[in-house]
Amino acid sequence: MRTLALDVGLKRIGVALCLEDQIALPLAPILRKNRHQAADEIRSLIKLHQIKRLIVGLPKGGSSEEEMTRRIGHFVNLLEFDGELCFVDEGFTSKEAQTLRTQKRGKRDGKVDSLAAFLMLRDYFAL
């Protein structure tokens, strides 16, 4: 089953693709101009890759958990996705992704966010 993972942030959305629950790879991140533009881009990816399952990371713990969960839920509703939807704990995936990247710390191009989405797939499928 083709699966897309999303690490939804306010400025960037990390994206990763898993084919047939075996092969996972990070895709180019989506730089958010607004939620509708970002939702349009993700809908295009869903159609292009014929996605049947969507995995979305939610922050667990921390002071902004409730607010980000609400925002992410609203954003996912904009996608109008009719396949299988799974919310997972994204805990520490961004920090782990940052340690795996060898890029300069100050650069915010979204690659770390897509690597975090990839790590969610790895954990979900135990790859």
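Let's start with disulfides: a search of the whole structure, which is a predicted model, finds zero of them. Two cysteines are still worth a look. C18 has 0% relative accessibility, and because buried means under 20%, C18 counts as buried. C86 comes out at 12% relative accessibility, so this cysteine counts as buried too.

C86 leads us straight to a strand pairing. It sits in strand β6, where it stands opposite I55. The two strands involved are β5 and β6 (residues 84–89), and they pair in the parallel sense over six bridges. On the way from β5 to β6 comes a helix: β5, α2 and β6 make a right-handed β-α-β unit.

Now stay with β5 for a moment. Strand β1 (residues 3–8) also pairs with β5, again running parallel, and four bridges join them. If you would like a landmark for this pairing, find T3, whose bridge partner in β5 is R53.

How much of β5 is buried? Six of the six residues in this strand (residues 53–58) are, so it is mostly covered, given that buried means under 20% relative accessible area. In a regular strand the side chains alternate between the two faces of the sheet. Here, R53, I55 and G57 lie on one side and L54, V56 and L58 on the other, and all of them are buried, leaving both faces of β5 covered. Notice that R53, the partner of T3, is among these buried residues.

Next, go to the hairpin. Strand β2 (residues 12–19) and strand β3 (residues 23–26) run antiparallel and are joined by four bridges. One place to see the pairing is A16, which has P26 as its bridge partner in β3. Three residues lie between the two strands, and in this hairpin E20 takes a positive phi near 50°.

Finally, take a look at the second largest pocket, which holds about 150 Å³ of space. Which residues line it? The lining is made of V8, G9, L10, R32, R35, M68, R70, R71, I72, H74 and F75. By type, these divide into five nonpolar, two polar and four charged residues. Helix α2 (residues 65–79) gives the most to this lining, with six residues. That brings us back to the helix of the right-handed unit, where α2 goes together with β5 and β6.

Definitions and conventions. Residues are numbered from 1 along each chain as its sequence is written. This is a predicted model: local features need pLDDT of at least 70, side-chain atom pairs count only at pLDDT 80 or more; totals for chains, interfaces and linings use all residues. Side-chain values use heavy atoms; hydrogens and water are left out. Two strands pair if DSSP finds at least two bridges between them. On a 1 Å grid over the protein atoms alone, a cavity is a set of points where a 1.4 Å probe fits but cannot get out, and a pocket is an open set with protein on both sides within 12 Å along at least five of seven lines; lining residues have an atom within 4 Å of a point. Grid points are joined across faces, edges and corners, and a volume is the space filled by probe spheres set on the points. Ala, Val, Leu, Ile, Met, Phe, Trp, Tyr, Cys and Pro count as nonpolar, Asp, Glu, Lys and Arg as charged, and the others, Gly among them, as polar. A disulfide is a pair of cysteine sulfur atoms within 2.5 Å. Buried means under 20% relative accessible area, exposed over 50%, partly exposed in between (1.4 Å probe, protein chains only). A crossover is right-handed if, with the strands pointing away from the viewer, the path from the first strand over the helix to the second runs clockwise.
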